[in-house]
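Grab a pencil and have a look at the model below. Try each exercise before you read its solution.

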Amino acid sequence: MMSAKVMIVKVMIIMFAICVFAKSDGKPMKGETVGEIQLLYKLRKHLQNLERQEWLRKLLQEVILGESTVRK
């Protein structure tokens with residue numbers, strides 16, 4: 001079994017490593033703003049794609065219906 005001192009030293013090393021690799025320097029993280037902007041950008045692109053798909057669907061429907069009425 002580990003002694004309490006060894007356990008404390010290991011926990012301190014892990015906490016130090018987390019702080020070093022996080023690179024926050026005590027400043028609040030600004031990732032939320034970028035995430036929100038990226039989410040809105042992706043939502044806008046998704047809505048544009050849906051609008052484009054609906055336009056193409058209507059156009060193809062007109063072409064198909066137009067051909068079927070000409071043949072009859």
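Three short exercises follow, each with a worked solution.

A word on the ground rules: this is a predicted model, where local features need pLDDT of at least 70, side-chain atom pairs count only at pLDDT 80 or more, and totals for chains, interfaces and linings use all residues. Residues are numbered from 1 along each chain as its sequence is written, and side-chain values use heavy atoms, with hydrogens and water left out.

**Exercise 1.** Work out how many helices and strands the chain has, and what share of its residues is buried.

*Solution.*
- Start with DSSP runs, numbered from the N terminus (H or I, at least four residues, for helices; E, at least two, for strands).
- That gives 2 helices and 0 strands.
- Now take burial: buried means under 20% relative accessible area, exposed over 50%, partly exposed in between (1.4 Å probe, protein chains only).
- Of the 72 residues, 0% make the buried cut.

**Exercise 2.** Find the salt bridge (a side-chain nitrogen of Lys or Arg within 4 Å of a carboxyl oxygen of Asp or Glu) and place it.

*Solution.*
- There's 1 in the structure, and it joins the side chains of E54 and R57 at 2.4 Å, N to O.
- Both sit in helix 2 (residues 31-71), 3 residues apart, so about one helical turn separates them.
- E54 is partly exposed at 33% relative accessibility, and R57 is partly exposed too, at 42%.

**Exercise 3.** Locate M7 and say whether it's buried, partly exposed or exposed.

*Solution.*
- M7 lies in helix 1 (residues 4-22).
- Its relative accessible area is 46%, so M7 is partly exposed.
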